[in-house]
Number of protein chains: 2
Amino acid sequence: MGTGNPLRVGLFVFDEAEELDVVGPYDVLAWWAQHSDLRPQVLTFSADGAGVRCAKGLSLVPDTSADEVGPLHVLIYPGGHGTRALAADPEHLAWVRQMRATTPVLASVCTGALVFAAAGLLAGRPATTHWDAFDELAELDPSILVDTEARWVDDGDTVTSAGVSAGIDMALHLVDRLDSRDMARRVRRGIQYDPEPPV
Amino acid sequence: MGTGNPLRVGLFVFDEAEELDVVGPYDVLAWWAQHSDLRPQVLTFSADGAGVRCAKGLSLVPDTSADEVGPLHVLIYPGGHGTRALAADPEHLAWVRQMRATTPVLASVCTGALVFAAAGLLAGRPATTHWDAFDELAELDPSILVDTEARWVDDGDTVTSAGVSAGIDMALHLVDRLDSRDMARRVRRGIQYDPEPPV
């Protein structure tokens, strides 16, 4: 379609974000961006635009900063150990609530949901997170309807996924939802996502 | 066991490496490194130690350079568009052959196999690559026994995987092989790798 107002997807990165939480959805969405007639834009950004050191030590340099990223249709919020500090940072939570007010879809991977919960975004709503963080999620906000079985939960303007690799499945679902089933299948085939866990 | 001679795994990164080819195996292996009694070390390195811009635009800063990475037990070689230039670079292929001579296991993800093929490492051996590169692989070396069905091919000192996300499965297999089935299952559970492709 190539309109002048493309779908813009921003992937927020931070110190101690889990590497695969970031890059699983990134690769799915960037593959989509390269092949879809909708010409979506996929950007990475950190709070201040500086590089981040992820949870297992990998260093990423994002495209831009939170101030510069501009209006988004979709915000992807990864998990990782860094979410604990962010979930306890009132300034950051105010920013998350501001993003909520201006962004049609907020989507967390893994323990990114803890930050959404701390910001009050999940009150009374179904959501999921990494299996090892179900209790943390419920403690942050007992009104959350924690889904302990789902690979991801799509609650309209808010989508949450289970742990780490579940971000790949959620991102494919987002392509299906935002573009088409056919496009999501093309992305799946492009990244040859026919998983065969060997153990 | 904590011996003084830990298993050292090096993940080679380069411009136009496919993001998920790098980070899928990285997350699996780094999770293993953080939890195994074998205390493996997992390092990323580029040819000259400088940062790289991956195939879809993500910028990574590696831990070190090829000169500084030191002896490895396992070299992980990702795929991506950048492999075409590397497969045509005689100096780089000489380096790959030198790594072959000194590294017990060389493992490619996706089109990383094209570089192994160009270096002559796959002559007369079973191997796989991204489904869209089967012909390229056979053209580089018609003696390769291209396995068009396998998620990965373990041929002892050489392991090759299918496209992009197959690197996750191959890396879990490497943990199973180098450590234990139980550890590989723990890593799988840690990254919650219970894939449910939605399309």
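This report walks through a predicted model of two chains, A and B.

## How the two copies are related

Two copies of a chain are related by a rotation about an axis and a shift along it. Here the rotation is 180 degrees, and the shift along the axis is 0.0 Å. With that operation chain B falls on chain A at an RMSD of 0.0 Å. The two copies are thus related as by a two-fold rotation axis. In chain B, L60(B) has the C-alpha nearest the axis, at 2.3 Å from it.

Both copies use the same surface for the contact: 100% of the contact residues of chain B recur in chain A.

## The contact between the chains

Each side of the contact can be counted. Chain B gives 39 residues, and chain A gives 39 residues. On the side of chain B that touches chain A, four elements supply two or more residues: α1 (19–35), β4 (59–61), α6 (166–178) and α7 (181–190) of chain B. The largest share, seven residues, comes from α1(B). By class, this side of chain B holds 19 nonpolar, 10 polar and 10 charged residues.

Strands also cross from one chain to the other. Strand β4 of chain A, residues 59–61, is joined to β4(B) by three bridges. The two strands run antiparallel. V61(A) has S59(B) as its bridge partner in β4(B).

## The sheet of chain A

Strands of a sheet pair through backbone hydrogen bonds, either parallel or antiparallel. In chain A, seven strands form an open sheet with mixed pairing. Their order is β5-β2-β1-β6-β7-β11-β10. The edges are β5 (64–65) and β10 (152–154) of chain A. Each has a single partner strand, so one side of each is left without a neighbour in the sheet.

Start at the β5 edge. Strand β2 of chain A, residues 41–46, runs parallel to β5(A), and two bridges join them. S46(A) has S65(A) as its bridge partner in β5(A).

## Towards the β10 edge of chain A

Further along the sheet, strand β7 (residues 105–108) of chain A pairs with strand β11 (residues 158–161) of chain A. This pairing is parallel and spans three bridges. S108(A) stands opposite T160(A) in β11(A).

On to the edge strand. β10(A) and β11(A) run antiparallel and are joined by three bridges. D154(A) has V159(A) as its bridge partner in β11(A). These two strands form a hairpin with three residues between them. In this hairpin G156(A) takes a positive phi near 85 degrees.

## Helix packing in chain A

Helix α1 (residues 19–35) of chain A packs against helix α6 (residues 166–178) of chain A. The angle is about 25 degrees, and the axes are 8 Å apart. Angles under 35 degrees count as roughly parallel, and α1(A) and α6(A) are therefore roughly parallel to each other. Their crossing is right-handed. From α1(A), the contact takes D21(A), G24(A), P25(A), V28(A), L29(A) and W32(A). They meet G167(A), I168(A), M170(A), A171(A), L172(A) and V175(A) in α6(A). The residues of this contact divide into nine nonpolar, two polar and one charged.

Helix α6(A) also packs against helix α7 (residues 181–190) of chain A. Here the angle is about 145 degrees, with the axes 7 Å apart. This crossing, of α6(A) and α7(A), is right-handed. L172(A), V175(A) and D176(A) of α6(A) make the contact with R181(A), M183(A), A184(A), V187(A) and R188(A) of α7(A). Five of the residues in this contact are nonpolar, none is polar and three are charged.

## Chain B: sheet and covering helix

Chain B has an open sheet of seven strands, in the order β5-β2-β1-β6-β7-β11-β10, with mixed pairing. Its edge strands are β5 (64–65) and β10 (152–154) of chain B, and each pairs on one side only. β10(B) pairs with strand β11 (residues 158–161) of chain B in the antiparallel sense, over three bridges. V153(B) stands opposite T160(B) in β11(B).

Helix α1(B) lies across three strands of chain B: β1 (8–12), β2 (41–46) and β6 (74–77). The helix runs at about 150 degrees to β2(B). As noted above, α1(B) also gives seven residues to the side of chain B that touches chain A.

Definitions and conventions: Residues are numbered from 1 along each chain as its sequence is written. Chains are lettered from A and ligands numbered from 1 in the order in which they are written. This is a predicted model: local features need pLDDT of at least 70, side-chain atom pairs count only at pLDDT 80 or more; totals for chains, interfaces and linings use all residues. Copies are superposed by least squares on the C-alpha atoms of residues with pLDDT of at least 70 in both. Two residues are in contact if their C-beta atoms, placed from the backbone, lie within 7 Å. Ala, Val, Leu, Ile, Met, Phe, Trp, Tyr, Cys and Pro count as nonpolar, Asp, Glu, Lys and Arg as charged, and the others, Gly among them, as polar. Two strands pair if DSSP finds at least two bridges between them. Axes are lines fitted to C-alpha atoms, for helices over the stretch in contact, and angles run from 0 to 180 degrees between N-to-C directions. Angles under 35 degrees count as roughly parallel, over 145 as roughly antiparallel, 65 to 115 as roughly perpendicular and the rest as oblique. A crossing is left-handed if the near helix is turned anticlockwise from the far one by less than a right angle, and right-handed if clockwise.
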